[in-house]
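Me: I am new to this structure and would be grateful for a close look at a single helix. Please set that part in the context of the whole chain.

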Amino acid sequence: MKMGVSALLCGAVLAGCSWGIKLDAGGRNVRVAWDGNVSGCTERGKVTVSVLDRVGPVDRSNLKVRDELEVMARNEAAGLQADTIRPLGDPRDGAQSWAAYRCGPAVARPATDRPAERPPQGATETYPIK
């Protein structure tokens with residue numbers, strides 16, 4: 001009985017690691033410049049965020065940790081009046097630093113400024129899930 005309760009409690013703790021880390025209204029307006037292209041942008045500052053990358057002896061999913069770090073960085077950058085962030089390196093021990101920039105609408109949303117390109121005949125087209 002005690003073993004079952006302990007396993008249930010441990011599972012609840014591991015499942016709850018990301019509770020409360022949500023993209024807020026300001027963070028929704030911040031894009032990530034994964035390609036590093038921030039030409040024409042004004043630097044607004046640096047943001048360093050951290051999450052748990054281990055719970056006891058158990059390593060958390062690298063993908064989940066990276067996702068949470070990105071969400072937190074976007075939320076923090078909004079407080080600097082930034083609309084773009086760029087990672088300054090890979091996550092290390094659950095922490096990551098990001099540079100925050102103000103690029104304006106033309107750079108922040110380039111996909112809306114371009115005409116849609118048609119895929120070659122017979123090609124597969126993908127769409128993001130929102």
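Reply: A residue is called buried when its relative accessible area is under 20%, and exposed when that area is over 50%. In this predicted model, buried residues account for 29% of the chain's 130 residues. The chain contains four helices and six strands, and along the sequence these follow the order α-β-β-β-β-α-β-β-α-α.

The part chosen for a close look is helix α2, which covers residues 62-78 and so comprises 17 residues. From the first C-alpha to the last, α2 reaches 25 Å, close to the 24 Å expected at 1.5 Å a residue.

The buried residues of α2 are Val65, Glu68, Leu69, Glu70, Val71, Ala73, Arg74, Asn75 and Ala77. In general, an α-helix has 3.6 residues a turn, so residues three or four places apart point the same way. The cover over the buried residues of α2 includes four strands: β1 (31-32), β2 (42-50), β5 (84-87) and β6 (95-102).

The wider chain gives this helix its setting. Among contacts with a separation of 6 or more, 67% are between residues 24 or more positions apart. The accessible surface of the chain comes to about 9300 Å², and carbon and sulfur atoms hold 55% of that surface.

A residue outside α2 may serve as a further point of reference. Pro105 lies in helix α3 (residues 105-108), and Pro105 counts as exposed because its relative accessibility is 68%. Although Pro105 and Asn29 are 76 residues apart in sequence, their C-alpha atoms are 9.9 Å apart in space.

Technical notes
Residues are numbered from 1 along each chain as its sequence is written. This is a predicted model: local features need pLDDT of at least 70, side-chain atom pairs count only at pLDDT 80 or more; totals for chains, interfaces and linings use all residues. Side-chain values use heavy atoms; hydrogens and water are left out. Helices (H or I, at least four residues) and strands (E, at least two) are DSSP runs, numbered from the N terminus. The expected span of a helix is 1.5 Å times one less than its number of residues. Buried means under 20% relative accessible area, exposed over 50%, partly exposed in between (1.4 Å probe, protein chains only). Contact means heavy atoms within 4.5 Å. Accessible areas come from the Shrake-Rupley method with a 1.4 Å probe; for residues, only the protein chains shown count as cover.
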